Amino acid sequence: MDSSTVRAKHKEFLFPCVANYYEEPIVLTQGLGCCVLDADGREYLDFFGGILTLGVGHCHPDVVSAIQDQAGRLEHTSTLYPTEEIVRVAERLARMTPGKLKKSFFTTSGTEADETAIILAKIFTGSQEIIALRHSYAGRSHMAISITGHAPWRPLPTQVAGIKHARSPYCYRCPFDLKYPDCGLRCATDIEELIRTETTGKPAAFIAEPIQGVGGFITPPKEYFEVAVGIVRKYGGVFICDEVQTGFGRTGDHWCGIQHWGVEPEIMTFAKSIANGFPVGATIATDEVANSFTGLSLSTFGGNPISMAATEATLDVMEREDVRVRSAERGRQLRGHLDAFKEKYPFIGDVRGKGLMQGIELVEDRATKEPAPKKTAKLLEAAKKHRLLIGKGGLYGNVIRIAPSMLVSRSEIEDGARRLDMALSEVN
Ligand SMILES: Cc1ncc(COP(=O)(O)O)c(C=O)c1O
């Protein structure tokens with residue numbers, strides 16, 4: 001099938017909500033490391049990695065052979081039978097996650113991982129209300145879209161009840177029009193008033209991403225989580241940390257993004273890079289919290305032996321290559337370029353992120369900070385022309401998201417930065 005046939009059939013046979021990037025979407029056919037090929041034989045440098053999913057790059061040979069090997073041995077059992085594959089991964093997660101997180105429940109997506117976390121928090125606390133954040137993203141189930149703090153991702157007018165949205169720690173566009181650190185962390189302290197005025201005073205949980213991914217890599221100030229989580233715990237709630245984008249070294253120096261903020265969650269969720277593109281979601285909780293979930297619950301495909309083999313192989317590579325260190329080093333290199341671009345291009349309003357999770361927010365005018373979604377779309381097209389794949393995000397569609405494989409080389413970062421510079425100069 002040629003690429004135009006694929007595009008035409010996509011339009012004809014898929015829901016229109018399955019939106020693609022670019023005026024003429026790219027039909028990918030092959031990938032290796034940071035490189036992908038399209039159906040027209042063009043090669044691209046992939047600096048988005050399937051929405052931060054290809055943590056160790058396309059078709060890593062260890063992951064590929066683990067999947068092939070497992071598929072020939074045992075494909076499926078359901079969770080009615082314990083397998084060596086599932087317990088090995090669960091034990092590994094308990095080791096790699098901070099604090100007392102210990103017991104896991106496996107599913108097949110980030111949506112289900114968050115859904116499981118919310119159900120668990122409600123069971124454990126006996127409370128029902130959830131504090132979420134504006135600009136957050138939690139997935140596509142009815143509950144997840146209700147948690148999500150973006151109108152475009154909330155297609156239904158009615159939401160799951162009992163979810164209250166606190167202000168995002170979005171310093172560049174402070175919801176209180178204050179400046180850090182003089183703001184006194186108002187976005188965090190306001191959660192107390194939210195609980196006292198909009199809930200019964202007994203929230204079940206606060207769910208938040210360490211860095212808001214779909215929101216445009218919004219990176220909270222360093223004291224944020226200690227203050228926000230402290231308030232929620234004071235009122236009896238637990239902290240669900242959504243590490244779907246930030247997990248497994250992505251933010252550099254640590255396995256989990258939240259470790260930069262020094263707070264230990266009671267529940268944590270993973271998906272995306274946990275199995276390098278294989279559909280795996282995981283919810284991990286402390287012994288005490290997990291043990292409260294005694295009713296029955298199963299996921300037919302959750303913890304599938306092939307998924308677990310893919311997870312184990314991915315985590316093996318991540319540990320062997322220590323992607324925490326790589327992400328920090330290559331992230332510093334990338335950030336150096338992005339900060340220099342900010343000096344050069346007046347339409348870059350903000351550069352933010354950690355490790356290999358870096359975003360640039362585009363504005364029409366630095367003084368007014370008017371979002372520049374058209375420029376952002378143009379930049380995406382220009383980068384495509386220079387054979388560089390990058391991502392887009394933010395409530396206003398004006399944030400470029402960059403997150404290559406954590407095995408990206410020094411020279412690939414230089415190459416990507418050079419291509420991005422050319423694309424930026426065309427938008428200027
Ligand atoms: C932070 C976060 N949580 C949850 C999800 C939902 O994950 P999935 O698309 O695997 O259901 C996403 C997806 O982008 C995400 O970014």
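In helix α5, the buried residues are Gly-110, Thr-111, Glu-112, Ala-113, Asp-114, Glu-115, Thr-116, Ala-117, Ile-118, Leu-120, Ala-121 and Phe-124. The structure is a predicted model. With 12 of its 16 residues buried, α5 is mostly covered. Its length can be checked: at 1.5 Å a residue, 16 residues should span 22 Å, and the end C-alpha atoms of α5 are 22 Å apart, which agrees. After the helix comes Gly-126, which has a positive phi, near 75 degrees.

Helix α5 also takes part in the surroundings of the ligand. The shell there is made of 15 residues, the closest being Ser-109, Gly-110, Thr-111, Gly-139 and Val-244. Of the elements in this shell, α5 (residues 110-125) gives the most, with 3 residues. Gly-110 and Thr-111, both among the closest to the ligand, are also among the buried residues of α5. Sorted by class, the shell holds 6 nonpolar, 6 polar and 3 charged residues.

The chain as a whole is assigned two domains: domain 1 covers 3-56 + 324-427, and domain 2 covers 64-320. Their C-alpha centres lie 25 Å apart. Domain 1 puts 30 residues into the contact and domain 2 puts in 29 residues. On the side of domain 1 that touches domain 2, the elements giving two or more residues are α2 (49-52), α11, β11 (348-354), β12 (357-362) and β15 (399-402). Strand β11 has the largest share of that side, 5 residues. By class, this side of domain 1 has 11 nonpolar, 12 polar and 7 charged residues.

The last helix to consider here is α13. Its 18 residues (residues 410-427) should span 26 Å at 1.5 Å a residue, and the distance between its end C-alpha atoms is 26 Å, which agrees. Which residues of α13 are buried? They are Ile-413, Gly-416, Ala-417, Arg-419, Leu-420, Ala-423 and Leu-424. Around the axis these residues cover an arc of only 165 degrees, which means that they sit on the same side of α13. The spacing fits a general rule: an α-helix has 3.6 residues a turn, so residues three or four places apart point the same way. Ser-411 and Ser-425, on the other side of α13, are exposed. The cover over the buried residues of α13 includes two helices, α11 (323-344) and α12 (373-385), and two strands, β3 (43-46) and β13 (388-389). Helix α11 thus appears twice, as part of that cover and among the elements on the side of domain 1 that touches domain 2.

Key: Residues are numbered from 1 along each chain as its sequence is written. This is a predicted model: local features need pLDDT of at least 70, side-chain atom pairs count only at pLDDT 80 or more; totals for chains, interfaces and linings use all residues. Helices (H or I, at least four residues) and strands (E, at least two) are DSSP runs, numbered from the N terminus. The expected span of a helix is 1.5 Å times one less than its number of residues. A residue is buried if 20 or more other C-beta atoms lie within 10 Å of its own, exposed if 12 or fewer, and partly exposed in between; C-beta atoms are placed from the backbone. The arc is that of the directions from the helix axis to the C-beta atoms. Two residues are in contact if their C-beta atoms, placed from the backbone, lie within 7 Å. A residue is near a molecule or strand if its C-beta atom, placed from the backbone, lies within 6 Å of it. Ala, Val, Leu, Ile, Met, Phe, Trp, Tyr, Cys and Pro count as nonpolar, Asp, Glu, Lys and Arg as charged, and the others, Gly among them, as polar. Domain bounds come from an automatic or database domain assignment.
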